[in-house]
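The exercises below are meant to be worked with the sequence and the coordinates side by side. Try each task before reading its solution.

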Amino acid sequence: MASELTYRGGAASPSAGAAGAAGEYSSPKPASSKPLAWLPRAARYAAAEHRPLFALVGMLVAAAIFCLAAPSGSGSGTAAPYSSSGRVSGALTRFSVDPAAHNPGRQFVAGKVPLGLKRKGLRVLVTGGAGFVGSHLVDRLVARGDSVIVVDNLFTGRKENVMHHFGNPNFEMIRHDVVEPILLEVDQIYHLACPASPVHYKYNPVKTIKTNVVGTLNMLGLAKRIGARFLLTSTSEVYGDPLQHPQVETYWGNVNPIGVRSCYDEGKRTAETLTMDYHRGANLEVRIARIFNTYGPRMCIDDGRVVSNFVAQALRKEPLTVYGDGKQTRSFQYVSDLVEGLMRLMEGDHIGPFNLGNPGEFTMLELAKVVQDTIDPNARIEFRENTQDDPHKRKPDITKAKEQLGWEPKIALRDGLPLMVTDFRKRIFGDQDSAATATEGQ
Ligand SMILES: NC(=O)c1ccc[n+]([C@@H]2O[C@H](COP(=O)([O-])OP(=O)(O)OC[C@H]3O[C@@H](n4cnc5c(N)ncnc54)[C@H](O)[C@@H]3O)[C@@H](O)[C@H]2O)c1
């Protein structure tokens, strides 16, 4: 027994025979005569027990399992969720964000979808998604099969705008103020949250600028953290009361920094600055749209924007209020044209900023005439004193969007207005009917 122990230990040969157990332990042979004698005692023991062989086999088995389990392409960390056309390949899932696709400088390994879970489409966050523009964007995104999360504090937005998606597993709505941080896992962020009409953004100017600055910072921070692509909906208001006509994206604007509209104008300008700083400083994939006046169904009634004002007034048989002499011009794009432009911008390769608007220019008086023709030819026009800082002219130069996004508006004012009138008629007379019923019931 003693000799067997001695032999397996490699410290003495079996020929040592009956030299005595005590001797074998107390006086081993000189180190030079033993194989691997130069190794430390513990290593010699492990070698003699064939443990490296077992460890090697174990490592090989583990490596084989790892290789079989890893998703194809994940090893390189460059699996791209976008095809060359910019559309998602369907490889993204709720569990695998692949920011490397958006940020080539950063390498992420896409995760594997656990067995039994289906791969899902692109996950898109729309802040302000319960508002006028946001809700139309959500309709398009859901229709193309994306999973959409709306974050909205419902300041100017309405649940009714997105209620038709309730119950759809690809739709979620979170009542949340973007001024507070939030953590979500998405692939794209359309950042629209901000009151857009003068009545609403002047209601609490400090909150408006906070939404534009802190809210945008929060969403940019989120985009950076999760590697999502970020699109900012800026505005033609960044041009202020422009001295250049029509406005090109390279024009820096003529903005009053201390006026009553500054919370919005300067807020959006700062939001653009932050967006570009995140792009340059954090390698974030960003897009900037400068939206010009947009109209369509689901606009807030009585929000002070000229088209909704005129339509609501004409339907209620009230005079159409024109501020100033009515010769100031605006361009009006139908909401579906804008949504198409926003999606092309998000999916395309260009950062922007891009003017998204209809270059067809109307004076307020011409617009009033179209509304009269569409709703009530006898509608009266009433002139009021102009509001402070109201720009005199606004018309987008959309050459850049045409060339780089292949986009231009398609719907003429005379075609789009009746669609909006139908929606307003339903909401105004529906509301009045229910109000009348409620009053009668008291
Ligand atoms: N409609 C236009 O003509 C126009 C023109 C230029 C720019 N834009 C921009 O497009 C975006 C959408 O405009 P819209 O016309 O749909 O306006 P909207 O007021 O209908 O929608 C804005 C949405 O943002 C939400 N919101 C506001 N503050 C928020 C906050 N702090 N946290 C979370 N949600 C908040 C509102 O509840 C609302 O649902 C805005 O960023 C606006 O500046 C619109």
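**Exercise 1. Two cis peptide bonds**

Between which helix and which strand does the loop that holds Pro353 lie? Work this out on the predicted model, and then treat Pro246 in the same manner.

*Solution.* Pro353 sits in the loop that links helix 11 (335-347) to strand 11 (354-356). The peptide bond leading into this residue, from Gly352 to Pro353, is cis, with omega near 5°. Turning to the other proline, the bond from His245 to Pro246 is also cis, its omega being near -10°, and Pro246 belongs to the loop between strand 5 and helix 9 (262-282). As background, most peptide bonds are trans.

**Exercise 2. Positive phi outside glycine**

Locate Asn283 and Asp302, and decide for each whether the residue is buried, partly exposed or exposed.

*Solution.* Start from the backbone: Asn283 has a positive phi of about 65° although it is not a glycine, and it occupies the loop between helix 9 and strand 6 (286-291). Next count its surroundings, recalling that a residue is buried if 20 or more other C-beta atoms lie within 10 Å of its own and exposed if 12 or fewer do. Asn283 has 15 C-beta neighbours inside 10 Å, and therefore counts as partly exposed.

For Asp302, phi is near 60°, again a positive value in a residue other than glycine, and the residue is found in the loop between strand 7 (294-295) and helix 10 (306-315). With 14 other C-beta atoms within 10 Å, Asp302 is partly exposed. The general expectation is that most residues other than glycine have a negative phi.

**Exercise 3. Strand 1 and its neighbours**

Describe how strand 1 is enclosed, and identify the strands with which it pairs.

*Solution.* Consider burial to begin with: five of the five residues of strand 1 (residues 123-127) are buried, so the strand is largely enclosed by the rest of the structure. Then separate its two faces, where Arg123, Leu125 and Thr127 point one way, while Val124 and Val126 point the other way, and all are buried. Such alternation between the two faces of the sheet is what side chains show in a regular strand.

Now follow the pairing. Strand 1 runs parallel to strand 2 (residues 147-152), with five bridges between them, and within this pair Leu125 has Ile149 as its bridge partner. The connection from strand 1 to strand 2 passes through helix 6, giving a β-α-β crossover that is right-handed. Strand 1 is also joined by four bridges to strand 4 (residues 188-191), likewise in parallel, and there Val126 stands opposite Tyr190.

**Exercise 4. The shell around the ligand**

Which residues come nearest to the ligand, and which element gives the most residues to its shell?

*Solution.* The shell holds 29 residues, of which Gly128, Gly131, Thr156, Gly157 and Ala196 come nearest. The elements that supply two or more residues are helix 6 (132-143), helix 8 (205-226) and strand 5 (229-235). Helix 6 gives the most, with three residues. Sorted by character, the shell consists of 14 nonpolar, 13 polar and two charged residues.

**Exercise 5. The chain as a whole**

How many helices and strands does the chain have, and what share of its residues is buried?

*Solution.* The secondary structure amounts to 14 helices and 13 strands, and buried residues account for 38% of the 442 residues in the chain. As a last step, look at the contacts between residues at least 6 apart in sequence: 75% of these join residues at least 24 apart.

Key. Residues are numbered from 1 along each chain as its sequence is written. This is a predicted model: local features need pLDDT of at least 70, side-chain atom pairs count only at pLDDT 80 or more; totals for chains, interfaces and linings use all residues. A residue is near a molecule or strand if its C-beta atom, placed from the backbone, lies within 6 Å of it. Ala, Val, Leu, Ile, Met, Phe, Trp, Tyr, Cys and Pro count as nonpolar, Asp, Glu, Lys and Arg as charged, and the others, Gly among them, as polar. Two residues are in contact if their C-beta atoms, placed from the backbone, lie within 7 Å. Two strands pair if DSSP finds at least two bridges between them. A crossover is right-handed if, with the strands pointing away from the viewer, the path from the first strand over the helix to the second runs clockwise.
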